[in-house]
Every structure is written in C-alpha cells, then in structure tokens.
Amino acid sequence: MSKVPSITLNNGVEMPQLGFGVWQVPDDEATAAVSEALAAGYRSIDTAAIYENEVGTGKALAASGIARDELFVTTKLWNSASETWTRESVLREFDASLAKLGLDYVDLYLIHWPRAVRDDYLTILRTFAEIAESGRAKAVGVSNFQPAHLERVIAETSVVPAVNQIELHPNFPQAELRALHARHGIATEAWSPLGQGKDLLADPVIGRIAAKHGRTAAQIVLRWHLQLGNVAIPKSVTPSRIRENIDVFGFELDDEDLTAIAGLDNGTRLGPDPDEFDFN
Ligand SMILES: NC(=O)C1=CN([C@@H]2O[C@H](COP(=O)(O)OP(=O)(O)OC[C@H]3O[C@@H](n4cnc5c(N)ncnc54)[C@H](OP(=O)(O)O)[C@@H]3O)[C@@H](O)[C@H]2O)C=CC1
C-alpha cells in the first residue's frame, strides 16, 4: 500500500497530502465509500455539515479499527446566510458536527464559504481559535476565501488559517491564491481536484501524458497536484477509482509534462465565484 506523504500546517499539525472527499455521497452510502477508502490506505476524510453524511462517515471511521491519531478528519461549518453568526451559534454547529461524526475532536475545522454580503467570518474565526485552543480541533481554516477575505482575517484577527480549501485543478490553477498562501504559510487544499471527473479527464494533453507514463488521466492530474504542493481530496464512490486515485506515488511528472499541463489553464471555474455567491 502506498504511503501518503504529509505536509506540516502552520501550527505544526501534520496533514496527509491526499485525502478522500465525500460531497454528494448520500449518508447511507458514505459508510461503504469511506470504508473502501480507509481499506485502500486513505487516512484523511473531507466532509461537511451541509453534505449531511457526517453520521455515515463517522460509522466507517469507528468500524475501521484504525487508531484515532492515524486519522485526519475535516468537517466544515455551513455558515448559512439565514443567520448572523455568533460565538454561541458557531459552538452549537461545531458540537452538532462532532456528535454526528461520533468524535471528540476533528483534525481540521473550516468555514465553508466567505459571504458576499456579511462579514461575520471574523467572529467565526475567533470562535474557531477558541475551539482549537480547547483541543477539539487540531487546526482551523477556511474554504473558498479570496485574497481580500484572507487579508482581512490576517489583519483583524490573531488567526492565520492553517488551510484554504479552494476550487483548483489544471483548468483553474489559482496562481494568485497559491502565491498568497505561500507568503502567509497557509496550506492550499484543492477541491474538485479532478475537475469533477468531466472534461479535464478527457483532455488530450492529459491523455498523452497518461500514455507516456502508463497511468490514467486521474492519476496524472493528482500527481500534478502533489508536485505543486497542493493537498488534494478526490471523491469517488467506485471502488476501483478509489484505489486508482491513491496509487499515485510511484512516478514523477517531468518539466515537459508540467509545462503542458500549465497550458490547460482556461480560467474556468466549475463551482460558484466566492465573490458573487451567497447562499441560504
Ligand atoms: N469546500 C468546498 O466548497 C467544496 C469542497 N469539495 C470537496 O472536494 C471533494 C472532491 O471534489 P468533487 O467536486 O467531488 O470532484 P472531483 O474532482 O473529486 O471529481 C469527482 C468525480 O470524478 C469521478 N471520478 C473520481 N475518480 C475518477 C477516476 N479515477 N476516473 C474517472 N472519474 C473519476 C467521480 O465519479 P464516481 O464517484 O462515480 O466514481 C466523481 O463524479 C468533494 O467530495 C468535497 O469533499 C467539493 C466541492 C466544493
């Protein structure tokens, strides 16, 4: 079984560079998918309150028999626009996620989205810092934060997020945010790392590199993430793909491959623009 390397977050916590995402996996299917992933060697699982599969995910973690300190569990606060967030409401949602997961701590707790119309993410992050201080989250961070959100957090709170989880794949490689993260010691975590398994995996440039290395398109894209220094969290409910996506440690992309993949940047997001998106 391949050993997944870790990166060191800005508070010293180790995070596996490759994890398993469970967005859009129904709760009653999450247990099987996460169990399959753990059996394949993944130790990092990325869920969120809004995915409504923390219970099914927690069942797989418990049934695995894997020591808690070998697992890395991420969940996220769904900071819905229907309320103004306070310390109390953040703690309430955090406690609810822990209970659903059946855990007494998570490894990483993230704010799911910045919000276009309100700025209570500063209150949220201050409460996250308190949660981290209590040991109930080993690290805290953000998701979908744009440069202006990050600059504001760093200027107005004492918190430097450990991670910013953002849409990132060869069609949308996020050069500006990656450079900003590097300046502040924030780890870059890529969501939809495979471009949601659509056009990107059928791209002839990726196909040519895959043929050259005797690998699949998904493996080439995941290798690209790892060599860029990103954390990647591919999702699959298909056992053969779950195994394929972690079998990415026996080869290296060369400079020619990396240059060819850099040419796939077309500035196109698959998900919403965080500067414009607000939700309920
Ligand atoms: N913070 C945020 O706002 C967001 C976070 N995320 C996180 O990122 C994770 C991954 O992103 P996601 O959007 O799911 O997209 P991915 O880029 O991981 O792609 C998942 C899709 O690709 C398919 N797939 C997986 N592996 C392969 C393979 N080897 N070959 C061909 N097709 C494959 C899957 O199909 P199948 O399952 O049928 O095998 C699925 O349809 C999420 O699960 C979630 O944890 C995602 C979106 C937003």
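This passage looks at strand S9 and its neighbours, then at a pair of packed helices, in a predicted model.

Strand S9 covers residues 187-191, and it is mostly covered, with five of its five residues buried. What about its two faces? In a regular strand, the side chains alternate between the two faces of the sheet. In S9, Ala187, Glu189 and Trp191 sit on one side, while Thr188 and Ala190 sit on the other. Both of these faces are covered, and the residues on them are all buried.

S9 has strand partners too. Strand S8 (residues 163-167) pairs with S9 in the parallel sense, over five bridges. Here asparagine 164 stands opposite threonine 188 of S9, one of the buried residues just mentioned. Strand S10 (residues 231-232) also pairs with S9 in the parallel sense, this time over two bridges. In that pairing, glutamate 189 stands opposite valine 231 of S10. As for the link with S8, helix H6 (residues 175-184) joins S8 and S9 in making up a right-handed β-α-β unit.

Now for the helices. Two packed helices are described by the angle between their axes and the distance between the axes. For helix H2 (residues 54-64) and helix H3 (residues 87-101), the angle is about 45° and the axes are 7 Å apart. That angle is why H2 counts as oblique to H3. On the H2 side, the contact is made by Glu54, Val55, Thr57 and Gly58; H3 brings in Ser97, Lys100 and Leu101. Sorted by character, the residues of this contact come out as two nonpolar, three polar and two charged.

Terms used: Residues are numbered from 1 along each chain as its sequence is written. This is a predicted model: local features need pLDDT of at least 70, side-chain atom pairs count only at pLDDT 80 or more; totals for chains, interfaces and linings use all residues. A residue is buried if 20 or more other C-beta atoms lie within 10 Å of its own, exposed if 12 or fewer, and partly exposed in between; C-beta atoms are placed from the backbone. Helices (H or I, at least four residues) and strands (E, at least two) are DSSP runs, numbered from the N terminus. Two strands pair if DSSP finds at least two bridges between them. A crossover is right-handed if, with the strands pointing away from the viewer, the path from the first strand over the helix to the second runs clockwise. Axes are lines fitted to C-alpha atoms, for helices over the stretch in contact, and angles run from 0 to 180 degrees between N-to-C directions. Angles under 35 degrees count as roughly parallel, over 145 as roughly antiparallel, 65 to 115 as roughly perpendicular and the rest as oblique. Two residues are in contact if their C-beta atoms, placed from the backbone, lie within 7 Å. Ala, Val, Leu, Ile, Met, Phe, Trp, Tyr, Cys and Pro count as nonpolar, Asp, Glu, Lys and Arg as charged, and the others, Gly among them, as polar.
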